Amino acid sequence: MKKKIFIIGNGFASLFLIQYFLLLPVFPFFTGFFRRIYAKYEITVIGNGSFIYFPAIPEFITGKKNKEKITLDIRPFLKRRNIQFINAMVIDIQDGGRTVITNNGHYKNDMLFLGIGPSFLKNDIAGTQAHTLSPCDGPDSMALFIDKLESMDSGVIYLGFKINKKDGFVSGRAGQMYECACLLDYALKKRGVRDKFEIHFFSSNLSQGDSGLITDKLRERDIILDYAYEPVEFVAGGMLDQDGTFRKADLVLFSSGITGFDWLQKSCLPVSKGGQIAVDKYGQVNGLSQVFAAGDCASHENPPPWVPHQAHMAQLRSQAAAKNMALVLAGKKSKHLYRFELSCIMNMENDALWLHMASDNKPPFWNIFPKQSKILTRVKNNFERFYLFYLKYL
Ligand SMILES: Cc1cc2nc3c(=O)[nH]c(=O)nc-3n(C[C@H](O)[C@H](O)[C@H](O)COP(=O)(O)OP(=O)(O)OC[C@H]3O[C@@H](n4cnc5c(N)ncnc54)[C@H](O)[C@@H]3O)c2cc1C
């Protein structure tokens with residue numbers, strides 16, 4: 001009987017895992033038949049069937065992207081690969097990872113991969129859920145932000161982030177929020193109303209004297225830097241400072257720190273200090289056999305403090321996990337490690353920065369791209385187009 005591999009989630013981590021685990025990375029429609037004949041394992045994905053290309057969400061602000069453009073039915077991609085799909089949400093995992101419990105039934109597996117993405121610390125600052133919106137909550141929350149923005153002729157807008165540092169790395173979304181602030185400046189200028197708006201940028205993870213290229217970009221755009229600031233509460237029409245002072249904010253776009261889902265706490269999975277699935281340097285879930293995890297749901301073993309949760313990191317982690325899963329299935333030990341790398345293009349529409357840092361100091365793409373140029377906005381768009389084309393047709 002074929003071994004049963006279960007993959008939970010249909011986001012970046014799971015799709016990269018599939019790409020690196022299968023013999024071929026691409027499967028045009030006619031190859032599905034061969035995969036059916038040669039399939040070594042019975043693979044099943046549990047998820048909602050809908051892939052979201054999160055890195056494009058900030059571009060809702062310029063009107064270039066919307067929910068339809070960045071959401072994809074992932075079932076044809078799975079079908080081409082002869083991968084079964086179960087439309088369900090996992091609510092628990094037991095028996096050392098061998099039993100997956102969903103809102104739709106129980107499933108047994110021989111090997112498990114978790115790519116369930118992040119949960120956010122919404123209770124960290126009171127009122128976050130009720131009075132802020134976030135690009136990290138997905139396209140609907142961002143669309144609501146755009147609707148509200150379009151209904152305003154003037155006002156005060158705050159953008160900010162918070163990082164969960166308990167696991168020793170950047171478990172939060174800073175770069176994405178900087179990107180949103182710069183795109184907001186661009187969009188308001190284009191509408192001819194920038195002088196009627198105050199844009200503030202805040203984070204208690206930043207210090208008042210912080211400087212650097214990104215800070216320069218915010219300053220150039222007259223964005224008010226409330227570095228080191230954190231409200232005690234978000235309330236209707238604004239926020240409250242430590243001393244109870246009310247600050248007016250007509251609109252707040254905020255990204256809370258990243259953690260793991262609440263249900264992990266009662267599952268058999270080990271949970272890190274920061275609330276994420278605790279994994280080792282091979283992507284194996286600590287203390288459990290034949291259970292792997294990657295992407296925003298998983299902590300790292302000995303991470304450098306600058307590494308963030310990113311689709312790019314999810315790719316590197318899933319690549320190593322896929323190779324290690326193949327080894328373990330063949331009765332061998334995991335041996336593949338992953339590199340730590342921060343790599344992303346911060347799109348400001350009239351300019352862009354390639355933010356980069358790597359544990360081995362390797363430059364991105366052999367340094368063929370400039371570090372700062374408007375051209376990078378096109379490069380970023382092309383990455384997106386290519387990846388969505390791959391998911392749709394290959
Ligand atoms: C606004 C924004 C901009 C970004 N920009 C960039 C960028 O420029 N570059 C970059 O590299 N990264 C960027 N990121 C980060 C990147 O999107 C994430 O790191 C990436 O999505 C993580 O992949 P993942 O598979 O771990 O999680 P996700 O992509 O969130 O996928 C998680 C999957 O698990 C499913 N799931 C969750 N819970 C369950 C459950 N209980 N049962 C079954 N399925 C479940 C979800 O439905 C989803 O399919 C950005 C993120 C945001 C929000």
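**Exercise 1. How many residues of domain 1 are in contact with how many residues of domain 2?**

Solution. The structure is a predicted model, in which local features need pLDDT of at least 70, side-chain atom pairs count only at pLDDT 80 or more, and totals for chains, interfaces and linings use all residues. Residues are numbered from 1 along each chain as its sequence is written.

Step 1. Begin with the domain assignment, which gives domain 1 (4–118 + 260–340) and domain 2 (121–258); such bounds come from an automatic or database domain assignment.

Step 2. Apply the contact criterion, under which the C-beta atoms of two residues, placed from the backbone, lie within 7 Å. By this criterion, 24 residues of domain 1 are in contact with 21 residues of domain 2.

Step 3. Sort the side of domain 1 that touches domain 2 into 12 nonpolar, 8 polar and 4 charged residues. Here Ala, Val, Leu, Ile, Met, Phe, Trp, Tyr, Cys and Pro count as nonpolar, Asp, Glu, Lys and Arg as charged, and the others, Gly among them, as polar.

**Exercise 2. Describe the surroundings of the ligand, and then place Gly295.**

Solution.

Step 1. The ligand is surrounded by 32 residues, of which the closest are Gly9, Gly11, Phe54, Gly117 and Gly295; a residue counts as near if its C-beta atom, placed from the backbone, lies within 6 Å of the molecule.

Step 2. By class, this shell holds 17 nonpolar, 13 polar and 2 charged residues, and at least three residues come from each of domain 1 and domain 2.

Step 3. Gly295 itself sits in the loop between strand E19 (291–293) and helix H9 (311–329), where helices (H or I, at least four residues) and strands (E, at least two) are DSSP runs numbered from the N terminus.

Step 4. Gly295 is buried, because 30 other C-beta atoms lie within 10 Å; the cut-off for buried is 20 or more, exposed means 12 or fewer, and partly exposed lies in between.

Step 5. Although Gly295 and Ala314 are 19 residues apart along the chain, their C-alpha atoms are separated by 4.2 Å.

**Exercise 3. Which residues have the most contacts inside the largest nonpolar core, and where does this core lie?**

Solution.

Step 1. A nonpolar core is a set of buried Ala, Val, Leu, Ile, Met, Phe, Trp, Tyr and Cys residues joined through C-beta atoms within 7 Å. The largest has 99 residues, and those with the most contacts inside it are Leu17, Phe113, Ala181, Ile277 and Ala293.

Step 2. Helix H7 (residues 175–191) gives the most to this core, with 8 residues.

Step 3. Both domain 1 and domain 2 give residues to this core, so it lies between them.
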